[in-house]
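Visitor: Could you take me through one part of this model up close? I would like to hear about the sheet and the aromatic contacts around it.

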Amino acid sequence: MAKRVLVSGGAGYIGSHVTVELIEAGFEVVVADNLSNCDMTCFEGLKKITGRDDIPFEQIDCCDAALVEKLFTDYKIDAVIHFAAFKAVGESVAEPVKYYTNNLSSFLNVIEAARTHGGCNVLFSSSATVYGEPDKLPVTEESPRQ
């Protein structure tokens, strides 16, 4: 049986692209998104690209611990790729508490649900914006933050 990956924020641009790649690599995928930064366009597109209409989609906010817990109860999750975060740099400067609360809370809820259900690999995706205009491409983890 294929490993099941939860892609939180999976209806967005990057999340939908990662979902396509995961499916093409043979993984089962569950997409969770609250649609606050997108609509269903990308998710519908990934279903068309993969030829799969059976990709589970859960419209939830990962800041809601009970809903995240239910997601882990309803699906056996083997790994998580967490894209469910706010990312607009300008807005994050203007509203830092909103960003801090959302991005940290959603991630902690995912980690806690994963731990409660026996643990799994969790990948947290962050913005490459921390690297500014890099001096050298490709950007790696050793690249200086600017």
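Guide: Happily! Please keep in mind that this is a predicted model. A good place to begin is a contact between a charge and a ring: Lys98 lies over the face of Phe86, 5.2 Å from the ring centre. That counts as a charge over a ring because the NZ of a Lys has to be within 6 Å of the ring centre.

Now to the sheet itself. Five strands make up an open sheet, with parallel pairing and the order β3-β2-β1-β4-β5. The edges are taken by β3 (57-58) and β5 (121-124); each has a single partner strand, so one side of each has no neighbour in the sheet. Look next at the β5 edge, where β4, residues 79-82, runs parallel to β5 and is joined to it by four bridges. Within this pairing, Val80 stands opposite Val122 of β5.

At the other edge, β3 brings us to the aromatic rings. The structure has three aromatic pairs. In one of them, the ring centres of Phe43 and Phe57 are 5.0 Å apart and the planes meet at 45 degrees, so this pair is tilted. Phe43 belongs to helix α2 (residues 41-50) and Phe57 to strand β3, so the contact ties together parts 14 residues apart in sequence. The two partners also fall into separate classes of accessibility: Phe43 is buried, at 2% relative accessible area, whereas Phe57 is partly exposed, at 21%. Phe57 falls just outside the buried class because buried means under 20%.

Conventions
Residues are numbered from 1 along each chain as its sequence is written. This is a predicted model: local features need pLDDT of at least 70, side-chain atom pairs count only at pLDDT 80 or more; totals for chains, interfaces and linings use all residues. Side-chain values use heavy atoms; hydrogens and water are left out. Two strands pair if DSSP finds at least two bridges between them. Helices (H or I, at least four residues) and strands (E, at least two) are DSSP runs, numbered from the N terminus. Rings of Phe, Tyr and Trp (its six-membered ring) pair if their centres lie within 6.5 Å; planes under 30 degrees apart count as stacked, over 60 as edge-to-face and the rest as tilted. Buried means under 20% relative accessible area, exposed over 50%, partly exposed in between (1.4 Å probe, protein chains only). A charge sits over a ring if NZ of Lys or CZ of Arg is within 6 Å of the ring centre and within 35 degrees of the ring normal.
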